Structure formats: C-alpha cells, structure tokens
Protein chains: 2
Amino acid sequence: MAARKKAMDELSKEMIIQEANKQFLTSDFHKVSMRAIAKELGCSHGAIYYHFANKTELFYAVVEQYFTELNMTLENVIQEEGDSRSKMAAVFTGFIEFGLNHQSQYEFMFMQRNKEVNPLSQQASNESYTKFAQVLQELTNHTLSLAKIYSTFISLHGFVSHYRGFVENYNEAKEAAIQHSQFLLEALD
Amino acid sequence: MAARKKAMDELSKEMIIQEANKQFLTSDFHKVSMRAIAKELGCSHGAIYYHFANKTELFYAVVEQYFTELNMTLENVIQEEGDSRSKMAAVFTGFIEFGLNHQSQYEFMFMQRNKEVNPLSQQASNESYTKFAQVLQELTNHTLSLAKIYSTFISLHGFVSHYRGFVENYNEAKEAAIQHSQFLLEALD
DNA sequence: TAATTTAATTAACCAATGGTCAATAAAGGA
DNA sequence: TCCTTTATTGACCATTGGTTAATTAAATTA
C-alpha cells in the first residue's frame with residue numbers, strides 16, 4: 001500500500017514552500033489547505049507533515065521572505081533622491097503598497113493573533129517595526145519621539161488593515177494612501 | 001426518533017443569540033461553533049439552522065446591538081462637559097475603548113472580509129463611521145476636511161487592530177491610547 | 001372533540017479541514 | 001548482501017459548517 005517515491009521525485013521543503021506561496025498569492029491562510037498543496041505537488045498531504053510540523057510553520061516559512069522584502073523596501077527609500085520629507089512620504093506609501101499588494105501575507109505577518117504564530121511571526125514583525133522606526137529617525141535627525149513614531153506606524157497599519165479585502169491592490173487605493181501619508185506627515189511637524 | 005420539544009422548552013431566536021453572545025465574549029468567531037452553542041442550549045445544532053440561515057447570520061444578529069452601543073457611545077460624548085478639544089479626545093479613546101473591550105465583536109464588525117458578511121456588517125460599519133464623522137464635524141464647527149476625518153478614523157482603527165489580542169482590555173493599553181489620541185488631535189490642528 | 005396543518009427538532013448525513021501514525025519501500029552505507 | 005535510515009503513503013481521528021427526511025408537538029380548523 002504505502003510507498004516512497006524515487007529520488008528525483010522526492011519532496012523538498014523548497015518545493016512545498018513554493019507551492020504554498022503560489023496558492024497564498026490568490027487565497028488567504030484559512031483557504032489554502034494542506035491537502036490542496038499536496039494535490040498540486042502530487043503527493044499525499046501527510047507527506048508535508050514530514051517536512052513541516054504544521055500548517056502554521058509552513059506558512060511562516062513562506063512569509064519569511066516577505067519580511068525581508070518589506071525591510072528592504074523600507075531601507076531602500078533612504079538611498080533614493082529627494083528631500084527627507086518626500087522620502088518619509090515614500091516610506092509611508094511604501095509600507096501601504098507592500099501591505100495592499102501582499103494582502104494575505106500582510107494578514108499573516110501583522111494581523112494573525114494565533115497562539116502558535118506569536119513567537120515566530122511576532123518577533124519578525126517587531127523587527128520590521130524597528131526597521132521602520134530606524135529609517136524614520138534617520139530621516140529626521142533623531143528628533144522624533146518614540147511615541148509619535150509608534151502612532152505613525154499604527155496609523156499606517158490602520159490604513160492597510162482597513163482597505164485590505166476592500167481593494168484588490170495598492171493602485172486602487174493609491175490616492176487615499178497618498179492623502180493618508182500626507183496627513184501623517186503633517187502630524188509629525 | 002426525531003421530535004419536537006414542549007412549548008415552554010422551545011428554542012427562540014433570542015435564546016440562541018444570547019448564548020452565542022455569551023460564548024462570543026471569551027472566544028472569537030471561528031472558535032465558537034454552532035455545535036457548542038447547541039450543546040449549551042441542550043438542542044441539536046441542526047435546530048439552530050431553523051432559526052438562522054447560517055453561522056454568519058446568527059453572529060450578525062449578535063453583533064447588531066454592539067453597533068448601536070458604539071454609536072451611542074460616540075454620540076453621548078457631545079453631551080459631556082468640557083471643551084470641544086477634550087470631547088474629541090473622548091471620542092477617540094471611546095472608540096478605542098469599545099474596540100479593546102469587545103475584541104471579538106470588533107473583529108467581526110470591522111475586520112471581517114467575508115463575502116457573506118459584507119452586505120450586512122459593512123453597511124452597519126459605514127453607519128458607525130458616518131456617526132463618527134458627524135460627531136467630529138459638530139465638535140469642530142464643520143471645519144474639518146473629510147480626508148482628515150477619514151485618516152483619523154483609520155488611525156484609530158489601526159490602534160485597535162494592532163493591540164487586539166495583544167492586550168486583554170482597554171485598561172492595559174490605556175496610556176498608549178491616550179497618547180495616540182493626543183497625536184491625532186495635534187494632527188487635526 | 002377530531003382531523004389537519006404548521007412549526008420545531010432530531011439524527012443521520014455530506015464534504016471539508018488539520019493532524020497522527022503504522023506500514024512500507026527506496027536509498028545508502030557496511 | 002544485509003541493515004539502517006529516510007521519506008511517503010493512505011487509512012484513520014476528531015471537528016467543523018451545513019443540509020434534509022422524518023417525526024412529533026402545538027396551533028388551527030371543522
């Protein structure tokens with residue numbers, strides 16, 4: 001009955017992550033099932049559990065790369081041209097753009113409140129916040145209070161978390177995003 | 001095999017809503033199951049489906065009262081004593097307080113992006129936003145732009161949606177909430 | 001009061017889900 | 001060649017939301 005595939009057909013963590021990522025792009029965490037992933041990979045869903053302890057762990061592996069993508073996005077703004085004010089605006093819209101163009105990922109990264117996810121995803125999201133704070137400090141010569149930075153971050157999060165699911169991608173909310181960024185910029189003066 | 005209970009033991013919408021509400025207080029939408037509700041009511045879970053088309057409809061019925069509670073909270077601030085600035089702060093912290101003291105309800109009311117919920121819960125949440133905007137307009141003699149009001153709302157939503165699950169109730173985030181409200185107040189100047 | 005209609009309930013069912021595990025077969029080393 | 005490790009299967013478990021035929025109590029009508 002049971003079996004093992006030939007070497008070249010064997011599963012690898014990478015393959016699983018890739019397929020999970022693929023399905024994650026158009027569907028959210030709860031709708032992507034281990035069975036659907038397995039089916040597409042041509043294996044039984046039990047096989048996935050040999051490589052990942054559970055669904056959450058698999059999706060954390062998927063989402064890891066998105067954390068670094070976000071951090072890079074934030075950091076890269078500093079290198080761009082323009083005055084620091086427009087750079088700050090770019091940080092704000094950049095964050096929103098990331099959130100609205102990777103909605104299921106964003107949800108998993110910043111909105112999941114599952115017990116199991118906490119230790120993993122929560123630390124990573126803290127690091128992203130730290131990166132955000134660093135960049136802002138740098139762009140303002142460290143004149144901003146932590147409280148203001150935190151409020152700004154929370155307000156950006158609010159934008160993403162509000163428009164998520166209501167809009168398909170960043171472009172559809174671009175104008176509102178720019179206005180919101182402007183609002184926050186003024187608040188920081 | 002099957003049966004019908006005696007008149008006084010019959011199920012009513014009210015009883016179901018009450019029990020669902022009760023379980024909703026300490027657990028979120030996905031964790032409260034129709035079966036658990038039925039068990040506590042001493043009936044089969046199928047019986048609930050005679051009174052409510054599905055889980056979503058039941059929970060919308062539960063949450064309806066919370067929408068009016070929130071609207072009242074917002075509205076009542078106007079009657080309080082104090083200058084309009086402190087009243088605005090009270091509106092902000094009032095919204096946050098509601099959100100953090102009714103987390104599962106808030107999630108269902110403002111964060112659910114389920115297709116089925118949309119028509120119901122989305123309209124109600126729009127009404128709550130409208131109420132919020134009205135109160136703010138009134139407190140500022142209609143000098144606020146719609147864009148600023150919207151940004152403010154979104155920023156408050158961000159606070160709740162960020163602290164939710166991280167904190168048990170409003171009190172645990174009170175200081176941060178006050179600071180955030182202050183931040184938004186300044187932004188509106 | 002008797003017959004009929006209507007409302008409510010049950011229990012068996014369905015199709016999913018995440019997760020576990022013994023059995024098994026391939027791979028690789030001795 | 002034998003043995004051990006490793007990867008995979010598929011049957012299983014409990015649980016979920018949801019549906020439905022059958023049944024029976026209550027309300028209505030004659």
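**Exercise 1. At what angle do helix H1 (residues 13-24) of chain A and helix H2 (residues 34-41) of chain A pack, and how far apart are their axes?**

Solution. The model is predicted: local features need pLDDT of at least 70, side-chain atom pairs count only at pLDDT 80 or more, and totals for chains, interfaces and linings use all residues. Residues are numbered from 1 along each chain as its sequence is written, chains are lettered from A and ligands numbered from 1 in the order in which they are written, and side-chain values use heavy atoms, with hydrogens and water left out.

Step 1. Take the helices as DSSP runs (H or I, at least four residues; strands are E, at least two), numbered from the N terminus.

Step 2. Fit lines to the C-alpha atoms over the stretch in contact, and take the angle between N-to-C directions, from 0 to 180 degrees. The result for H1(A) and H2(A) is about 115°, with the axes 10 Å apart.

Step 3. List the residues in contact (heavy atoms within 4.5 Å). Met15(A), Ile16(A), Glu19(A), Ala20(A) and Gln23(A) of H1(A) meet Ala36(A), Ile37(A), Glu40(A) and Leu41(A) of H2(A).

**Exercise 2. Describe the secondary structure and extent of chain A.**

Solution. Step 1. Count the elements: chain A has 9 helices and 0 strands.

Step 2. Find the span of the C-alpha trace along its principal axes: about 70 × 35 × 30 Å for chain A.

**Exercise 3. Which parts of chain A does the salt bridge of Arg85(A) and Asp189(A) tie together?**

Solution. Step 1. Apply the rule for a salt bridge (a side-chain nitrogen of Lys or Arg within 4 Å of a carboxyl oxygen of Asp or Glu). Over all chains, this gives 10 salt bridges.

Step 2. Check the pair: the side chains of Arg85(A) and Asp189(A) form a salt bridge at 3.3 Å, N to O.

Step 3. Place both residues: Arg85(A) is in helix H5 (residues 84-101) of chain A and Asp189(A) is in the segment after helix H9 (174-187) of chain A, so the pair ties together parts 104 residues apart in sequence.

**Exercise 4. Characterise the interface of chain B with chain A.**

Solution. Step 1. Count residues in contact: 28 from chain B and 28 from chain A.

Step 2. Compute the buried area (the accessible area, 1.4 Å probe, that two parts lose on being put together, summed over both). Between chain B and chain A it is about 2500 Å², with carbon and sulfur atoms giving 57%.

Step 3. Count salt bridges between chain B and chain A: 0.
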